[in-house]
Amino acid sequence: MITFLVCLTLLVGAYFVYGGYLEKLVKIDPAAETPCKRLYDGVDYVPLPRWRIFLIQLLNIAGLGPIFGAVLGAAYGPVAFLWITLGGIFMGAMHDFVAGVISLRHNGESLPETVGGYLGKGPKQFMRIFSVGLMVLVGAVFLSQPASLIVNRLDIPSLEGIAFGDFSWLMLIVLGVILLYYIAATLLPVDKIIGRIYPIFGVALLFMALGVLSVLLFSGRYTIPEFTSFRNCLADAKEFPIVPMLFTTIACGAISGFHATQSPLMARCMRNEKESRSVFYGAMISESIVALIWAAIGMAFWGGVEGLNAAIAQYNGQAAILIDIIARETLGPVLAGFVIFGVVACAITSGDTAFRSARLIVADFLGLEQRSLSKRIYICIPLFAVGLLIIFAMPFQVMWSYFAWMNQTLAAVTLWMIVAYFARQRRGLMVGLIPALIMTYVCASYIFVSPLMFGMQHRTAAYVLGGVVTLAILVAMIFKVRRDHAKGLA
């Protein structure tokens, strides 16, 4: 319990301390004109109140990651608490805050465009393709999983028993309903659906977290393990080492590149730069708290890390089932329903904005204005078609694994953009550089370690290769910064 409470306190305190430091570092200007004022279009550039933007941003970034990823990542042991806390404070929240401010000061540009402005044309082209691919993959993951959760909760044998390939008719119907919502949320102005219903979903998310937290702190039934060592508690620890596997298993609760693709949506709606700390840094800290709570209940509910690992093995790694069991046993059937509603809301509200982000990225790339509904439809049709193809062609575990790596790779690229930004400002360089080096090494070593990629059995060689890739990128960045300074960019 002490480790958990210390981590929880550090996360809350970081919003005021480190968040305030970052605010001064980027020189927040309350008098600066924001994009929604000079570029208002009634579709994406729409001014919204701070509290509403905060809840939308929180729901945008808090998909299944801080819940599913936290419970599965807790199987590594209490070391997960450290990654969520330190990663959330110094990496994830900083990443979201600075990337969001950069977008805010560049007319709410999407991530590939801001990356191009600081890292060059090559990274811009790479990010255009990579980020759209990730957005469609996120949309597919967060379309299939809430549908699975809903189907598991429904009991309609007449529909469930009829199969269409690997999918029951009930599953297809639920997928169709969610897809129709996604299409509407992607095409309509941001204040028509997203701006109206997300606050409701936000309340559900916060209620869910507070409910589980109250059970942990006050029920007296559960004991949260303490951090005593960096021991990997997985049964197959050699196959899944903490570095890099824990860093990709728990992504959204600590750092996630997906977040930087969502921040431009809110940068186009913010009325004042002063809102940046609460909207960007605050939303990420809130998500880290959600992840910390679910990691704790994941370990405590089954009587410790060993029990959690046994449960994961019993249910074949299906985090949705684990969450449902925890909710029913700790909160009862009625409140458990609200918890599952919150989980479904988290997934759906990240899925729809993933497709919306993909639309905006493609629109920025092609130079297509988005006032016209026909042009929005023109972009969206192939995006949704590819998303459905992924759902029907790729098993969920494969989707999730590639999503996890792509997500953290996107975070690494965003962190290098932040390094270039601070280098031009000639201050705060280490704030971005240390996280960039760590995440680059994580993503590079994952390529050589993961069974889904090279899966090298000689781990020393795999880690050395990860270090070589990281060093090469660092050297390239040093030359890039020197060229920028020689050109007088600042």
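Biologist: What makes you say that helix α2 (residues 18-25) is mostly covered?

Modeller: Of the eight residues in α2, six are buried. This is a predicted model, and buried here means under 20% relative accessible area. The buried residues of α2 are Tyr18, Gly19, Gly20, Leu22, Glu23 and Leu25. After α2 comes Lys27, whose phi is positive, near 55°. One of the buried residues has charged partners, too: Glu23 belongs to a salt-bridge network with Lys274 and Arg277.

Biologist: Why is Arg268 called buried?

Modeller: Its relative accessible area is 3%. The cut-off for buried is under 20%, so Arg268, at 3%, is buried.

Biologist: Where is Arg268 found?

Modeller: Arg268 sits in the loop that joins α13 (257-267) to α14 (276-301).

Biologist: Which residues does Arg268 touch, not counting those up to four places away in sequence?

Modeller: Its contacts are Cys36, Asp44, Tyr45, Val46, Gly108, Glu109, Ser110, Leu360 and Asp364. Gly108 can be described further: the Arg268 side chain reaches its backbone oxygen at 2.7 Å. A polar contact needs N or O atoms within 3.5 Å, and 2.7 Å satisfies that distance limit.

Biologist: Why is the Glu113 and Lys124 pair called a salt bridge?

Modeller: The closest N and O atoms of Glu113 and Lys124 are 3.9 Å apart. The rule asks for a Lys or Arg side-chain nitrogen within 4 Å of an Asp or Glu carboxyl oxygen, so 3.9 Å qualifies. The two residues come from distant parts of the chain, with Glu113 in helix α7 (residues 111-119) and Lys124 in helix α8 (residues 121-153), 11 residues apart.

Biologist: How do you know that Glu113 counts as buried?

Modeller: Glu113 has 12% relative accessibility, and under 20% means buried. Lys124, at 21%, is partly exposed, since that class lies between the buried limit of 20% and the exposed limit of 50%.

Biologist: What makes Glu113 and Arg128 a salt bridge?

Modeller: Their side chains meet at 3.0 Å, N to O, and the limit is 4 Å. Glu113 in α7 and Arg128 in α8 are 15 residues apart, and this pair also links distant parts of the chain. Both Glu113 and Arg128 are buried.

Biologist: What is the N to O distance in the salt bridge of Glu33 and Arg38?

Modeller: For Glu33 and Arg38 it is 4.0 Å, and the rule says within 4 Å. Both residues count as partly exposed: Glu33 has a relative accessible area of 47%, and Arg38 has 36% relative accessibility. By this rule the count comes to 12 salt bridges.

Biologist: Why does Val334 count as exposed?

Modeller: Val334 has 63% relative accessibility, and exposed means over 50%. Val334 lies in helix α16.

Biologist: Which residues make the nonpolar surface patch of about 380 Å²?

Modeller: The patch is made by Phe207, Val334, Leu335 and Phe338. Patch residues must have over 30% relative accessible area, and Val334, at 63%, passes that test. Helix α16 (residues 319-366) gives the most to the patch, with three residues.

Biologist: Is Arg424 buried or exposed?

Modeller: Arg424 is buried, with 15% relative accessible area against a cut-off of under 20%. It lies in helix α18 (residues 396-425). From Ile183, Arg424 is 241 residues away in sequence and 40 Å away in space, C-alpha to C-alpha.

Notes:
Residues are numbered from 1 along each chain as its sequence is written. This is a predicted model: local features need pLDDT of at least 70, side-chain atom pairs count only at pLDDT 80 or more; totals for chains, interfaces and linings use all residues. Side-chain values use heavy atoms; hydrogens and water are left out. Patches are made of residues with over 30% relative accessible area and no salt bridge: like charges are joined within 9 Å, nonpolar side chains (Val, Leu, Ile, Met, Phe, Trp, Tyr) within 5 Å. Accessible areas come from the Shrake-Rupley method with a 1.4 Å probe; for residues, only the protein chains shown count as cover. Helices (H or I, at least four residues) and strands (E, at least two) are DSSP runs, numbered from the N terminus. Buried means under 20% relative accessible area, exposed over 50%, partly exposed in between (1.4 Å probe, protein chains only). A polar contact is a pair of N or O atoms within 3.5 Å; within protein, one must be able to donate a hydrogen and the other to accept it, and residues adjacent in sequence count only if both atoms are side-chain atoms. Contact means heavy atoms within 4.5 Å.
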